[in-house]
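Colleague: I should like to learn how to read a structural model. May we work through one together, feature by feature?

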Amino acid sequence: PVWRAISPAQHDQTLFEERHLRYIHPLGKGNFGSVELCRYDPLGDNTGELVAVKKLQPNKQSTLEDFKKEVKTLSILHCDYIVKYRGVCYSTGRLSMSLVMEYLPNGSLIGYMENNRHNVTPRRMLLFASQICKGMEYLQTLRYVHRDLAARNILVASESLVKIADFGLTKVIPCDKEYYRVTQPGESPIFWYAPESINESRFSHKSDVWSFGVVLHELFCYCDTNSNPKRVRRMFSFKHPSISMQLANILKNNWRLPAPPNCQPKTHLDNKINDLPLFYIHIPKNVL
Ligand SMILES: C[C@@H]1CCN(C(=O)N2CC[C@@H](S(=O)(=O)c3ccccc3)C2)C[C@@H]1N(C)c1ncnc2[nH]ccc12
């Protein structure tokens, strides 16, 4: 066998040394941590590449174990419509670790839609929607449920390509079941949750399809103030007990997000049918 002349670590492209990772500015904040723009600059001459680094603030909800699972998940996903994994960075003493991903300068769909509302046509929205479906269809083939599909977690790679980002809540459905039941639901994005996820903490490919419907609504509302959940939140009086109870009730009475302004009726997802379609989306060529 050919012996490695040098230690594997020196040639392991997925290992980022903390001392060369230069912090630039935050890309986004969440309840468990943050994603930051950094430059990996081993030569120290600012010629290094820009990367997005997801740091975990270990607390009761998100443990290092969960984060390791998220890293493992992203590292095996290879799809044009899913953000690329680049590697990991261990902090000194290996007490904590960060996830290193490709950096996409256009950022999330939310900011993009708000800043580009005048030149994003419904045709382009459907192109984005079809790409999110293709990414989700790929996830489904690996029995993954994303559980946090929302415009805030979609990245804009270019004016004609979006990618699904952030797999912090992604789980694998056990092979003997069709759904994943969450034991300790942390901070839940309930306005993107299907009824069964609100009521029984059950997640499946179908609950991801429901969240996709909410993303469609966000898209066609240009992710502006009318879009979910700001609009929905205004409907609730915070005096009453849990918001999720109120939300579960109105959904049970067949309330649904109203069609966004100037949205063609055929595009408004009619989810009266119980078994929502899976992620195969057929958009006639002439529409795209
Ligand atoms: C839209 C992206 C995902 C969402 N996000 C974010 O900030 N978060 C996702 C998880 C939450 S968190 O902080 O809650 C979290 C933190 C640790 C563990 C678990 C959760 C933060 C912003 C990202 N963003 C603007 C990016 N922009 C440009 N290039 C990029 N490459 C990769 C991401 C990325």
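Colleague: Which residues does Gly135 touch, not counting residues up to four places away in sequence?

Modeller: Please note at the outset that this is a predicted model. To answer such a question, one looks for contacts between residues that are separated along the chain. Gly135 touches Cys79, Tyr81, Ile82 and Ile164. Gly135 itself is found in helix 4. Its C-alpha atom is 9.6 Å from that of Val162, and the two residues are 27 apart in sequence.

Colleague: Is Gly135 buried or exposed?

Modeller: One reads this from the relative accessible area, and a residue is called buried when the value is under 20%. Gly135 counts as buried because its relative accessibility is 0%.

Colleague: Where does Ser130 lie, and is Ser130 buried or exposed?

Modeller: Ser130 lies in helix 4, which runs over residues 122–141. Its relative accessible area is 5%, so Ser130 is buried. A further point to read is the polar side chain. A polar atom of the Ser130 side chain lies 2.7 Å from the backbone oxygen of Leu127.

Colleague: How does one read a residue with an intermediate value?

Modeller: Values from 20% to 50% are described as partly exposed. Leu27 has a relative accessible area of 38% and is therefore partly exposed. Leu27 has its place in strand 1. Beyond its neighbours within four places in sequence, the contacts of Leu27 are Val35, Glu36, Leu37, Ala52 and Tyr103. With Ala52, the C-alpha separation is 7.8 Å, although their positions lie 25 residues apart along the chain as a sequence separation.

Colleague: Which residues come nearest to the ligand?

Modeller: For a ligand, one begins with the surrounding shell of residues and then examines individual atoms. There are 25 residues around the ligand, and Gly28, Gly30, Gly33, Glu102 and Leu104 come nearest. A backbone N or O atom of Gly28 is 3.3 Å from an oxygen atom of the ligand. A polar backbone atom of Glu102 lies 2.8 Å from a ligand nitrogen atom. For Leu104, a backbone N or O atom is 3.0 Å from a nitrogen atom of the ligand. On its own, the ligand has 670 Å² of accessible area, and the protein covers 92% of this.

Colleague: Which strand supplies the largest share of the shell around the ligand?

Modeller: Strand 3 does, with 4 residues. Strand 1 (21–29), strand 2 (33–40), strand 3 (49–56) and strand 5 (97–102) each supply at least two residues of the shell. Sorted by class, the shell has 11 nonpolar, 8 polar and 6 charged residues.

Colleague: How many helices and strands does the protein have?

Modeller: An overview of this kind places the single residues in context. The protein has 8 helices and 11 strands. It comprises 288 residues, of which 44% count as buried. Of the contacts between residues at least 6 apart in sequence, 62% join residues at least 24 apart.

Colleague: Where does pLDDT stay under 50?

Modeller: The general idea is that low pLDDT is a warning: the predicted coordinates there should not be read in detail. In this model, pLDDT stays under 50 over residues 269–276. For the protein, the mean pLDDT is 85, and 83% of the residues reach 70 or more. The model also scores ipTM 0.94 and pTM 0.87.

Note on methods:
Residues are numbered from 1 along each chain as its sequence is written. This is a predicted model: local features need pLDDT of at least 70, side-chain atom pairs count only at pLDDT 80 or more; totals for chains, interfaces and linings use all residues. Side-chain values use heavy atoms; hydrogens and water are left out. Buried means under 20% relative accessible area, exposed over 50%, partly exposed in between (1.4 Å probe, protein chains only). A polar contact is a pair of N or O atoms within 3.5 Å; within protein, one must be able to donate a hydrogen and the other to accept it, and residues adjacent in sequence count only if both atoms are side-chain atoms. pLDDT is the predictor's confidence in each residue, from 0 to 100. Contact means heavy atoms within 4.5 Å. A residue is near a molecule or strand if one of its heavy atoms lies within 4 Å of it. Accessible areas come from the Shrake-Rupley method with a 1.4 Å probe; for residues, only the protein chains shown count as cover. Ala, Val, Leu, Ile, Met, Phe, Trp, Tyr, Cys and Pro count as nonpolar, Asp, Glu, Lys and Arg as charged, and the others, Gly among them, as polar.
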